[in-house]
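Biologist: Thanks for sitting down with me. Could you walk me through this one and tell me how each label is earned?

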Amino acid sequence: MNKPKTIIEVSGLKKDFHVGEITVHALKGINLEIKQGEFVAIMGTSGSGKSTMLNILGCLDKPTAGQYVLDGVSMGELGKNQLAGLRNNKLGFVFQSYNLLPRTTALENVELPLFYNSKVKAKERKERAIAALEAVGLSDRMYHMPNQLSGGQQQRVAIARSLVNDPVVILADEATGNLDTRTSYEIMSLLQRLNEDGKTIVFVTHEPDIARFTTRNVVFRDGHIIREEMVKDRLNAAEMLKNLPVEED
Amino acid sequence: MNALRRNKFRAFLTMLGIIIGVASVIAMLAIGQGSKKSIQDQMADMGTNLIFAMPGSEQRGGVQMGNSDAQTIKLSDVEAVERECTAISAVSPQVSSRGQVVYGNKNWPSTVYGVNEKYLDIRKYTLAAGRIFSEAEVRSYAKVCIVGQTVVDNLFGTDIDPIGKSVRFNNIPFKIIGVLAEKGENGMGQDQDDLMLSPYTTVQKRILSITHIQGIFASAVSEDMNDVAIEQLTQTLRKAHKIKENDTDDFRVMSQSELVSTFTSISDVLTALLGAIAGISLLVGGIGIMNIMYVSVTERTKEIGLRLSVGGRGVDIMMQFLVEAILLSVSGGVVGIMLGILATWAVSSVMNWPVVIMSSAVFFSFLVCSAIGIFFGWYPARKAAALNPIDALRYE
């Protein structure tokens, strides 16, 4: 078997925030490599820099210093529009607060990234969005508005949206943060399945339980990586879900 | 475009600002312009080539006398004008007296004007019935009169034909030989039908016992010749009154067109006032549009952040908001124009006000409101699209 391709390569990454007179060093020189097919959990307490890291990985924010190579493309030299193109083609984002467009059907929400891809025509856009919704098990909710969906369903719509452009990596920021245990397991089971199908996933969380569903944990503290380890006793979310007591309500 | 469909109420509110702004400007200017035009029309109705001379102040032993009671204009002046003023086509003397007109057991206060047979043409009166007095009747101080509609209404009602009836004015019986066609109020709100016309000789001799006259009414051959006619009239009267080169006139000459221009300038002020009100409402409307556009786009900063994060370029997002703003502003402007015309029409039919819709008002208000709407729909979107996606996403 071939050696897995490197998707993300980060070296000497720094990020400073200027809040008034004070400069906050959120990231203080990060080196990280993520290979294709990995399911990486970035962990840490609040303020450790893990979300900042994810935003930079997602090209939503620019680093102050350091190198970031995504799927062979170096970020440093790219302009705003090129970064937008990269987000459109190579990245899928899942947010803690779902960030779905209100008063817009699940289908249209999932179609959104493809609107900004001129190569995808309307017919293909719809087909791919339907396929993505089927992949997250929401084919019967395609014409529902976000406010007609539960939190877990909304997050699955968001995951379908992150899948629809067939990204090289899915970045999830506390994707289970707003959900109860059962729904969290449902989301993790979905992500595990996607990972088994070959998707590379970077998942930010502060919950150690959730991190045990992933393949590798990277722990941040004060802008540094303090620990990196492979998950030894990996949990299977689908099985966990079966073992959960059935709720009465 | 989908975003507009999804937020019908917000889109409607945004459009409302533009609709009200455009409509109010159109309606207000239409009303202002209409009243101006109606004043001009009424003035023209009174005869734009009308010229009249009134006694001016005179000096008696160094004492400056008032205007009206001077006795400086004489019948011979009328003859001189007839003879010498080539730019004047018709001329009539005028004397008048107020008094009670009595018929049977009814009476009505009115004014009798002593004039000659050309007066009707000069003042643009027409006869509804009967005839005008003849030259012979003028020469013989005939006790005949032509009455206006108001006098007819008050003395005879609708049932009696006034022609041939005899009315008494200051106890002198006058036989009615004609009735004037109704003319309505003039621009100053005076009833132009509340009058009696008699030969000037009759009024001079039988009512007032005077030999002078109180004024000369004349019409210029055409409106263009007004100034020439005024000059000729002035020179003729100065010569007739033997006024030396440097002395002031003992009479005043005025023309209807001067009055018209006075009234036009009054209504110009009115239009300017309405224009100012319209301008202010445009400003208020504009600020309203600005606010709602700015707020509704700023409120969508998070949406812009999301669109950026899934790969929308700044340009794509600006285009989207620009298209939305243009759609809202233009459709709001069109609805505003329709509403403004509708409101104008409603005012004119319900309140019976004269209105004139100005195409410049339509165009200008539409342009201003749309421009404000488009700018303030686009500008905050541009600002948000220039943010780092993460900052736009985090916007609260």
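**Strands, sheets and an interface**

Modeller: Happily. Let us begin in chain A, where strand 1 (residues 6-19) and strand 4 (residues 65-70) run antiparallel and are joined by five bridges. Please keep in mind that this is a predicted model.

Biologist: What makes strand 1 and strand 4 of chain A a pair?

Modeller: Two strands pair if DSSP finds at least two bridges between them. Strand 1 and strand 4 of chain A have five bridges, so they count as paired. For one contact point to look at, A:S11 has A:Q67 of strand 4 as its bridge partner.

Biologist: Which sheet of chain A has the order 2-1-4-5?

Modeller: That is an open sheet of four strands with antiparallel pairing.

Biologist: Why are strand 2 and strand 5 of chain A said to stand at the edges?

Modeller: Strand 2 (22-35) and strand 5 (73-74) each have a single partner strand, so one side of each has no neighbour in the sheet. Helix 1 (residues 50-57) of chain A lies across strand 1, strand 2 and strand 4, running at about 120 degrees to strand 1.

Biologist: What is the strand order in the six-stranded open sheet of chain A?

Modeller: The order is 6-7-8-3-9-10, and the pairing is mixed. Strand 6 (91-94) and strand 10 (224-230) are the edge strands, each pairing on one side only. On average, neighbouring strands of this sheet are turned by 20 degrees against each other, direction ignored.

Biologist: How do you know that strand 9 and strand 10 of chain A pair?

Modeller: The cut-off is at least two bridges. Strand 9 (residues 216-221) and strand 10 are antiparallel over six bridges, so they qualify. Within that pairing, A:R221 stands opposite A:H224 of strand 10.

Biologist: Which helices of chain A touch or lie across strand 6 and strand 7?

Modeller: Helix 2 (residues 80-90) packs on the sheet, touching strand 6 and strand 7 (169-173), with its direction at about 80 degrees to that of strand 6. Helix 5 (residues 151-163) lies across strand 6 and strand 7, running at about 170 degrees to strand 6.

Biologist: Now chain B. Why do strand 7 and strand 10 of chain B count as a pair?

Modeller: Strand 7 (residues 144-147) and strand 10 of chain B are joined by two bridges and run antiparallel; the rule asks for at least two, so the pair is accepted. The bridge partner of B:I146 in strand 10 is B:L197. Strand 5 (residues 106-115) of chain B runs parallel to strand 10 (residues 196-199), with four bridges between them. There, B:Y113 has B:L197 as its bridge partner.

Biologist: How many residues of chain B and chain A are in contact?

Modeller: On the chain B side there are 25, in contact with 21 residues of chain A. The area buried between the chains is about 2000 Å², with carbon and sulfur atoms giving 54%. In chain B, B:R6, B:L306 and B:V310 lose the most area to chain A, together 29% of what that side buries.

Biologist: What holds across the interface by the polar and salt-bridge rules?

Modeller: The rule finds zero salt bridges, while six residue pairs are in polar contact. Helix 10 (301-309) of chain B is one of the helices that each supply at least two residues to the side touching chain A. Helix 10 gives the largest share of that side, six residues. By class, the side has nine nonpolar, eight polar and eight charged residues.

Note on methods. Residues numbered from 1 in each chain as written. Chains lettered and ligands numbered in written order. Predicted model: local features only at pLDDT ≥ 70, side-chain atom pairs only at ≥ 80, totals over all residues. Heavy atoms only, no water. Contact = heavy atoms within 4.5 Å. Buried area = accessible area lost by both parts, 1.4 Å probe. Salt bridge = Lys/Arg side-chain N within 4 Å of Asp/Glu carboxyl O. Polar contact = N/O pair within 3.5 Å; in protein donor to acceptor, adjacent residues only side chain to side chain. Nonpolar A, V, L, I, M, F, W, Y, C, P; charged D, E, K, R; others polar. Axes fitted to C-alpha atoms, helices over the stretch in contact; angles between N-to-C directions.
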